[in-house]
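Here is a briefing on one chain, grouped by topic. Please keep the sequence and the model open while reading.

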Amino acid sequence: MRPLPIAASLALLLAAFAVTAQDPPAPAAADAPAPAVQAAPAAAAPATPAAGDATRGKGLTYTCRGCHGLTGYKNAYPSYHVPKIGGQSETYLRNALTEYGTGKRKHPTMQAQAESFSQQDIADIAAYLSSLK
């Protein structure tokens, strides 16, 4: 095993958690009633995608730039070209990150990254990356 790629992957994963952990939770209203517990519908309709915040997305892509932001970068093992994600379609980016998060797409580093993102994080990341030219 090569310790450098493993250490780099772990550092990227820890940095991703640090970026998402910096967002404070929204304060709860003191006089708001507790939400009612509802059973999930058997066949839920597809959720409307949240609007992405490109400014917030830029901060969330800090670890992405480690591989995807380097011109001509190739992964050490197995050796393959890392695709350019800046300027991709917002829909494509949302779908790709969601599929990595659910395991539909297979790549250990990408799965670990995508699993740490909320749907809002994914929308923000897609908004930022799709705005790059």
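Start with a charged pair: Arg94 and Glu90 form a salt bridge, with their closest N and O atoms 3.4 Å apart. The two residues sit 4 places apart in helix 4, so about one helical turn separates them. Arg94 counts as buried at 16% relative accessibility. Glu90 is partly exposed, at 30% relative accessible area. The model is predicted, so confidence comes before the remaining detail.

**Confidence**

- The average pLDDT over the chain is 75. A score of at least 70 is reached by 57% of the residues.
- Residues 19-24 have a pLDDT below 50. Even so, this stretch has 7 contacts in the model beyond near neighbours in sequence.
- Residues 40-46 also fall below 50. Beyond near neighbours in sequence, the stretch 40-46 has 0 contacts in the model.

**Fold and surface**

- The chain has 6 helices and 0 strands. Read from the N terminus, the order of elements is α-α-α-α-α-α.
- Of the 133 residues in the chain, 24% are buried.
- Take the contacts between residues at least 6 apart in sequence: 72% of them join residues at least 24 apart.
- The exposed area of the chain is about 9,300 Å². Carbon and sulfur atoms supply 63% of that area.

**Nonpolar core**

- The largest nonpolar core has 14 residues. Which of them touch the most other members? They are Ile85, Leu93, Leu97, Ile125 and Leu129.
- Helix 4 (90-102), helix 5 (108-115) and helix 6 (119-131) each give two or more residues to this core. Helix 6 provides the largest share, with 5 residues.
- Leu93 touches Ile85, Gln88, Ala126, Leu129 and Ser130, leaving aside residues up to four places away in sequence. Two of these partners, Ile85 and Leu129, are also listed among the core residues that touch the most other members.

**Helix 4 and Ala126**

- Thr91 lies in helix 4. Is Thr91 buried or exposed? Its relative accessibility is 53%, over the 50% cut-off, so Thr91 counts as exposed.
- Thr91 and Ala126 are 35 residues apart along the chain. Their C-alpha atoms are separated by 7.6 Å.
- Ala126 is also one of the residues that Leu93 touches.

**Salt bridges**

- The whole structure contains 4 salt bridges. The Arg94 and Glu90 pair described above is one such bridge.
- Asp124 and Arg56 form another salt bridge, with the closest N and O atoms 2.5 Å apart. This pair links distant parts of the chain. Asp124 belongs to helix 6 and Arg56 to helix 2 (residues 54-60), and 68 residues separate the two.
- How much of each partner is accessible? Asp124 has a relative accessible area of 1%, so Asp124 is buried. Arg56 has 26% and is therefore partly exposed.
- Glu99 and Arg105 meet through their side chains in a salt bridge, at 2.8 Å from N to O. Arg105 counts as partly exposed, with 24% relative accessibility.
- Salt bridges with shared partners join Arg56, Asp121 and Asp124 into one network.

**Cysteines**

- A disulfide is a covalent bond between the sulfur atoms of two cysteines. How many disulfides does the structure hold? The count is 0.
- Cys64 is in no disulfide. The nearest cysteine sulfur to that of Cys64 belongs to Cys67, 9.0 Å away. The cut-off for a disulfide is 2.5 Å.
- Cys67 is likewise in no disulfide, and its nearest cysteine sulfur is that of Cys64.
- Cys64 is buried, because its relative accessibility is 17% and the limit for buried is under 20%. Cys67 has a relative accessible area of 23%, so Cys67 is partly exposed.

Conventions
Residues are numbered from 1 along each chain as its sequence is written. This is a predicted model: local features need pLDDT of at least 70, side-chain atom pairs count only at pLDDT 80 or more; totals for chains, interfaces and linings use all residues. Side-chain values use heavy atoms; hydrogens and water are left out. A nonpolar core is a set of buried Ala, Val, Leu, Ile, Met, Phe, Trp, Tyr and Cys residues joined through side-chain atoms within 4.5 Å. Buried means under 20% relative accessible area, exposed over 50%, partly exposed in between (1.4 Å probe, protein chains only). Contact means heavy atoms within 4.5 Å. pLDDT is the predictor's confidence in each residue, from 0 to 100. Accessible areas come from the Shrake-Rupley method with a 1.4 Å probe; for residues, only the protein chains shown count as cover.
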